[in-house]
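Q: Could you take a close look at one part of this model for me? I'd like to see how a single helix sits against whatever surrounds it.

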Amino acid sequence: MNKLIIALTCFILSACSTLNQGIWFEDTDTLISQHRYQKALSQVKHSKPDDQATIKKIQRLASVHRRKQLKRVQTYFIKQEWEQAERFLLSLQENQPPNPQLKKAALQLDSLRNQERVEREASVALAQARLLVKQSQEQDFKRRNNQLSLYWWQTDMPLESEKKALANKLLSLSTEALNQDNYNLAHTTFTQALAFNHELKNAPIRIDIRQALKKRNTATAKQRQDRLIRRLTNAMNDENFEQILTLSSKLANPPFKGKAVASILQKAQAQLSANAQELEQQGDSIYRQGNIATAIELWQQAQALMPNLPGLKDKLTRAQKVKHKLDSLRQTQNQEP
């Protein structure tokens, strides 16, 4: 009997391996409704390779969904919610056909989160440096005031060791800041590193920082303005909202001025407004379906693009109150015996 079962199993497996059409557990429409476009495409291409109409339909729907979701990713960038952005991108990469926009967004995520990391670490290191300076001053005062005996275990060697270690940390942060074109931070961190370790005066990075600052400072306002306008134009074409907000903020302040600046800022504002309204309308639709948490998230994303979008603040306030009441009610019900 066992031999018969084994033989039958082998026959079925052998037969399945020769079939041109795969065996699928979900139909294509279900996969599309779940936004699993990559698997839907693979399924159609495997089972119906000549069905170009369905293939194009899936590709079109995938493109629309990708654009919509990448807008949401951009709002996470603006709010510096890196984990949420990463989860969204991973989901898109898993379910979308390969696309350069996804790779570009992933690179932008790495760049932005590293920029914040360097800024945070530099802030902490500079604060530690200020503390070490104060501690050195206090130690010097005690020595001059004859309150510090000159025994070997009471020397200032521990502080000097801390300064050297912190100088190395600041030097590393300075290098990272320079690679990110954050010349001011690179200069600040290197200057402090040099104050703690004078042997760094001939470090190659010192020359690199000087040259970068000199190049930036000698560029005319017109050259800087033209460069910012080009970057803003590219950001608008890519629907890179984080960059649109950053560059618009720079161009809106002196010394930048003129018709070209006014024109590009108006276009940028219009694009942000249109996409904020799109997110707001998605939130309205979701809210009417009873999904309050998702509606709040969409409205918050719209607010990230346009903080002063009319009526949006009131919607958020009301929805958050409703959500709080519902959460409290559920909690009470769960606690009842």
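A: Sure, and keep in mind that this is a predicted model. Let's start with the open face of α10: Arg230 and Asn237 are exposed there, on the other side from its buried residues. The helix itself runs over residues 221-237, so to speak a 17-residue stretch, and it reaches 24 Å from first C-alpha to last, close to the 24 Å expected at 1.5 Å a residue.

Now turn to the buried face. Gln225, Leu228, Ile229, Leu232, Ala235 and Met236 are the buried residues of α10. They end up on the same side of the helix because they cover an arc of only 125° around the axis. As for the general background, an α-helix has 3.6 residues a turn, so residues three or four places apart point the same way.

What does that face pack against? The partners are α11 (241-251) and α12 (259-288). Leu232 is a good residue to zoom in on: leaving aside neighbours within four places in sequence, Leu232 is in contact with Ile244, Leu247, Ser248, Leu251, Ile264 and Ala268.

Leu232 also belongs to the largest nonpolar core, which has 28 residues, and along with Ile244 and Leu251 it touches the most other members. At least two residues of this core come from each of α10, α11, α12, α13 (292-305) and α14 (312-335), with α13 giving the largest share, seven residues. There's a second, separate core too, with 25 residues, including Ala125, Leu185, Ala203 and Ala212.

One last detail back at the helix: just after α10, Glu239 takes a positive phi of about 55°.

Technical notes:
Residues numbered from 1 in each chain as written. Predicted model: local features only at pLDDT ≥ 70, side-chain atom pairs only at ≥ 80, totals over all residues. Heavy atoms only, no water. Helix = DSSP H or I, 4+ residues; strand = E, 2+ residues; numbered from the N terminus. Expected span 1.5 Å × (residues − 1). Buried < 20%, exposed > 50% of the residue type's maximum accessible area, 1.4 Å probe, protein only. Arc of directions from axis to C-beta. Contact = heavy atoms within 4.5 Å. Core = buried A, V, L, I, M, F, W, Y, C linked by side-chain atoms within 4.5 Å.
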